[in-house]
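Open the model in your viewer and follow the selections below in order. Each stop says what to pick and what is found there.

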Amino acid sequence: EAKQAGGACICHYQPEMNQKMEKRFELETMINDALLCNQFKAHFQAKIDLVSRQIIGAEALCRWHHPEKGTINPIDFIPTAEETGHIIKIGDLMLKQACQFAVECNSWTQEPFVVAVNVSPKQLFYGRFLSSLGQCLEETGCKASWIELEITESVLINDSDEIITLLETIAALGVMITIDDFGTGYSAMSYLHRFPIKCLKIDQSFVRDMRADPQKQILVTAMLAMAHGLGLKTVAEGVEYEDVADTLTELKCDIGQGYLWHRPSPAEQLLGKIRTEKAA
Ligand code: C2E
Ligand code: MG
Ligand code: MG
Ligand code: MG
């Protein structure tokens with residue numbers, strides 16, 4: 001189509017591009033205001049031990065509570081926040097709320113209750129991440145071993161000494177590092193032994209409709225076998241059906257997370273469930 005339009009295509013696309021940039025700028029301004037007005041809140045989704053079927057941890061997921069637009073989901077603002085660098089501040093807020101939540105939960109549980117936080121590449125590379133993490137742990141009284149960082153494979157494309165050193169320092173503190181969305185990214189598996197990775201989280205696109213799609217089940221089976229062979233922990237995200245949970249349990253997947261058990265919810269709500277479970 002562009003070829004047919006010839007040179008004119010540049011003029012043709014101009015207004016669209018301007019519109020896109022305006023939209024982005026508008027969102028950027030909104031994110032800035034939202035930070036000032038404290039509109040970003042961590043919701044928490046339970047992680048379930050697939051053997052005991054008890055809640056053993058949670059993942060912090062960012063929600064933007066906009067006074068007029070209601071709740072805005074990450075997919076609609078994280079990419080822009082990542083581009084503009086706002087993700088660094090948002091990430092710090094999530095880390096802080098995750099640490100607070102971990103302290104509360106661990107006062108109710110015997111086994112360590114681990115809270116996972118998603119960390120974006122920008123945050124790790126430019127955000128003075130180590131000092132933010134240290135400060136959050138100290139201010140909240142959270143133990144390093146109660147926090148887990150979920151990073152995507154995109155972080156590991158850059159295998160500079162700097163990033164290896166950073167991840168090793170974080171791991172040495174006792175914070176667990178997990179690969180999120182495993183299987184969807186740039187899976188040059190060699191990173192699994194070059195980086196201090198402790199856990200693989202299999203992407204929901206493989207897990208969700210696993211029972212209907214034998215090929216997906218084959219992939220999940222292979223990923224679990226590989227992870228266990230390497231001594232890594234495994235989490236399956238996007239568990240929506242009981243028989244998927246049962247299959248995962250048979251395949252020795254350690255942890256499940258999904259709508260079958262819990263949707264992401266405000267801290268108080270999940271804490272209530274944990275207290276009920278622990279009291280029972
Ligand atoms: P993710 O880290 O892979 O998180 C899992 C997503 O799957 C979450 O979407 C969660 O609500 C959803 N989910 C959980 N169980 C199920 C299920 O059974 N079925 C289905 N269909 N979905 C399920 P959410 O909260 O919209 O977050 C989307 C993505 O946004 C996250 O994917 C993560 O990459 C990013 N994100 C969220 N919060 C943060 C944050 O604080 N910082 C950064 N950097 N990224 C974040
Ligand atoms: Mg995640
Ligand atoms: Mg994921
Ligand atoms: Mg994902």
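**Stop 1: magnesium ion (ligand 3)**

Select the magnesium ion (ligand 3) in this predicted model. Its protein donors are Asp180 (OD), Asp181 (OD), Glu237 (OE) and Glu237 (OE), at 2.1 to 2.4 Å from the ion. Along the chain, the donor residues follow the spacing D-D-x55-E. Now colour by secondary structure: Asp181 sits in strand E6 (residues 176-182) and Glu237 in strand E8 (residues 233-237), so this pair ties together parts 56 residues apart in sequence.

Switch on a surface for these two residues. Asp181 is partly exposed, with a relative accessible area of 24%. Glu237 has a relative accessibility of 8% and counts as buried, because the cut-off for buried is under 20%.

**Stop 2: the bridge**

Keep the ion displayed and select Asp180. Which ions does Asp180 bridge? They are the magnesium ion (ligand 3) and the magnesium ion (ligand 2), and the distance between the two is 4.0 Å.

**Stop 3: magnesium ion (ligand 2)**

Move across to the magnesium ion (ligand 2). Its protein donors are Glu59 (OE), Asn118 (OD1), Glu150 (OE) and Asp180 (OD), lying 2.0 to 2.2 Å from the ion. In sequence these donors are spaced E-x58-N-x31-E-x29-D. Glu59 belongs to strand E2 (residues 55-66) and Glu150 to strand E5 (residues 147-152), so the pair ties together parts that are 91 residues apart in sequence.

Are Glu59 and Glu150 buried or exposed? Glu59 is buried, with a relative accessible area of 4%. Glu150 counts as buried too, at 1% relative accessibility.

**Stop 4: helices H6 and H8**

Leave the metal sites and select residues 129-140, helix H6, together with residues 161-173, helix H8. The two helices pack at an angle of about 15°, and their axes are 11 Å apart. That angle makes H6 roughly parallel to H8, since angles under 35 degrees count as roughly parallel. The crossing in which H6 passes H8 is right-handed.

Show side chains to see which residues meet. From H6, the contact is made by Phe129, Leu130 and Leu133. From H8, Leu166, Thr169, Ile170 and Leu173 take part. Colour this set by residue class: the contact of H6 with H8 has six nonpolar residues, one polar and no charged.

**Last view**

To finish, display both magnesium ions with Asp180, which coordinates both. Add strands E6 and E8, which hold Asp181 and Glu237, and then strands E2 and E5, which hold Glu59 and Glu150.

Terms used:
Residues numbered from 1 in each chain as written. Chains lettered and ligands numbered in written order. Predicted model: local features only at pLDDT ≥ 70, side-chain atom pairs only at ≥ 80, totals over all residues. Heavy atoms only, no water. Axes fitted to C-alpha atoms, helices over the stretch in contact; angles between N-to-C directions. Helix = DSSP H or I, 4+ residues; strand = E, 2+ residues; numbered from the N terminus. Parallel < 35°, antiparallel > 145°, perpendicular 65-115°, else oblique. Left-handed = near helix turned anticlockwise from the far one by under 90°. Contact = heavy atoms within 4.5 Å. Nonpolar A, V, L, I, M, F, W, Y, C, P; charged D, E, K, R; others polar. Donors = N, O, S within 2.8 Å, 3.2 Å for Na, K, Ca; no water. Buried < 20%, exposed > 50% of the residue type's maximum accessible area, 1.4 Å probe, protein only.
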